[in-house]
Amino acid sequence: MNLELIHKYPREKRFTLSILQDIQREYNYIPREYMEYIAEYLNQPLSDVYSIATFYKALSLKPKGKYTIKVCNGTACHIRGSESIREELLKVLNLEPGETTEDGLFSVEVVNCIGACALAPVILINDKYYGGMTKEKVKDLINSYREVAINA
Amino acid sequence: MLIKIDGKTYKGHPGETLMEVARRNGINIPSLCYKKGFEGLGRCRLCLVEVSEGKRSKIVSACVYPIKEGIEVTTITDEIIKMRKDIILLLLLRAPDNEYIQQLVKEYEVKAPERYIQNDNDDCILCGLCVKACEKLGTKAISLVNRGITKKVSTPYDDPSKDCIGCGACAETCPTNAIKLEESNGIRTIWNRDFDLVKCSICGKYYTTLDALKFIEDKLASNEEHICDTCKKKSTASKFKESFQHIY
């Protein structure tokens, strides 16, 4: 365990969320041993830390893939056919929204607007936006990411 | 501090809530998530009442409303009944088979429109009183987890909790009897965990768990006799009787 992440915060209850966010950023999810350690370190009941960790959507208890793909289903994207892109993406990866591929590379989430309506329909892979998506582009995009991951 | 409730004047202390004053004077305000001794949670919203201050009036939850000098409270108006009916309807849709909800449904004559009826059935109304009880009387082993439609009361990771002492305070306070507590052959099962029960040294009935007893002994830093509540009351009463019998 990388305790440095936790120890840089004072042992006060109000830092619970900040620590959880840092761990989420580092590991893409909150491992159980970290959750238990935070409770001990901040002298809080585990149930309280667990309650916070399950409340926020930005925190995940299940491991997320290396690449988190967010498919926008906001109004603009919806009108321009985000539904078919989502279906294609889930078919290519053989997933349900919220799940992660077995190789741990991709997770898919459906979100309600990522503020890039001019690019609709748009998907977001980690921090990179891909606008003007079509069904055909989906497969190539996934393959290119997969190649990068394999060669890395 | 004087306040008026339904036209009568009552005395209250600064910092008290409306519910505390009402309950002390035997005024009935319906509630599910209020329990005497705990601060109000304001979750079930059944305790809505109308508070007038001068010319202005508003609807508040009695269990979380601190009293002020000179307020006039009406515990039942047509508007409040309407609001309570709406709340009871929502509770009915969540817990259609629950007897406590059914009592309210009968009292307020609520009927769920056909199109709202669904098959979900849960006794828990997510008031959080058990979480409060666990915090105050136990070890904070349970909490409200998740959010939205998946929200529930649970132990971390739904595992048998290491912190739980099986005291049963959560089940005891639950207004809808939603928490499963089973006892058989000297074992109590609650929150997926088994606890050994302890017998009262006088009447021989099982009355608490070993872990709960240890928790209390650690807190009080003393070894009390293992006596259940009923026997404790009896022995105190008989001691009382003994010491006073020659006085009169």
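The paragraphs below lead through a predicted model with chains A and B, starting with a sheet in chain A and ending with the nonpolar cores.

In chain A, four strands form an open sheet whose order is 2-1-3-4, and the pairing within this sheet is mixed. Strand 2 (106-111) and strand 4 of chain A stand at the edges, and because each has a single partner strand, one side of each is left without a neighbour in the sheet. From one strand to the next, the twist averages 20 degrees. Further in, strand 1 (residues 67-72) and strand 3 (residues 123-125) of chain A pair in the antiparallel sense, over three bridges. A reader who wishes to find this pairing in the structure can look for Lys70(A), whose bridge partner in strand 3 of chain A is Leu124(A). Helix 6 (residues 82-93) of chain A packs on the sheet, where it touches strand 1, strand 2 and strand 3 of chain A, and the direction of helix 6 makes about 155 degrees with that of strand 1 of chain A.

After strand 4 (128-130) of chain A comes a loop that leads to helix 7 (135-151), and Gly132(A) lies in this loop. Is Gly132(A) buried or exposed? A residue counts as exposed if 12 or fewer other C-beta atoms lie within 10 Å of its own, and Gly132(A), with 11 C-beta neighbours inside that distance, therefore counts as exposed. Although Gly132(A) and Pro121(A) are 11 residues apart in sequence, their C-alpha atoms are 5.3 Å apart in space.

The two chains also meet, in a contact that takes nine residues from chain A and 12 residues from chain B. On the side of chain B that touches chain A, six residues are nonpolar, three are polar and three are charged.

The interior can be considered next. In soluble globular proteins, nonpolar side chains tend to be buried together. Here the largest nonpolar core has 46 residues, and those with the most contacts inside it are Leu18(B), Cys47(B), Ala62(B) and Cys130(B). Among the elements that give two or more residues to this core are strand 1 (2-5), helix 1 (18-24) and helix 2 (78-94) of chain B, while helix 4 of chain B gives the most, with five residues. Both domain 1 (1-123) and domain 2 (129-241) of chain B take part, since this core draws at least three residues from each. Leaving aside neighbours within four places in sequence, Cys47(B) is in contact with residues including Met19(B), Ile29(B), Tyr34(B) and Ala62(B). Apart from this core lies another, of 16 residues, among them Cys72(A), Ile85(A), Leu93(A) and Val108(A).

Technical notes: Residues are numbered from 1 along each chain as its sequence is written. Chains are lettered from A and ligands numbered from 1 in the order in which they are written. This is a predicted model: local features need pLDDT of at least 70, side-chain atom pairs count only at pLDDT 80 or more; totals for chains, interfaces and linings use all residues. A residue is buried if 20 or more other C-beta atoms lie within 10 Å of its own, exposed if 12 or fewer, and partly exposed in between; C-beta atoms are placed from the backbone. Two strands pair if DSSP finds at least two bridges between them. Axes are lines fitted to C-alpha atoms, for helices over the stretch in contact, and angles run from 0 to 180 degrees between N-to-C directions. Two residues are in contact if their C-beta atoms, placed from the backbone, lie within 7 Å. Ala, Val, Leu, Ile, Met, Phe, Trp, Tyr, Cys and Pro count as nonpolar, Asp, Glu, Lys and Arg as charged, and the others, Gly among them, as polar. A nonpolar core is a set of buried Ala, Val, Leu, Ile, Met, Phe, Trp, Tyr and Cys residues joined through C-beta atoms within 7 Å. Domain bounds come from an automatic or database domain assignment.
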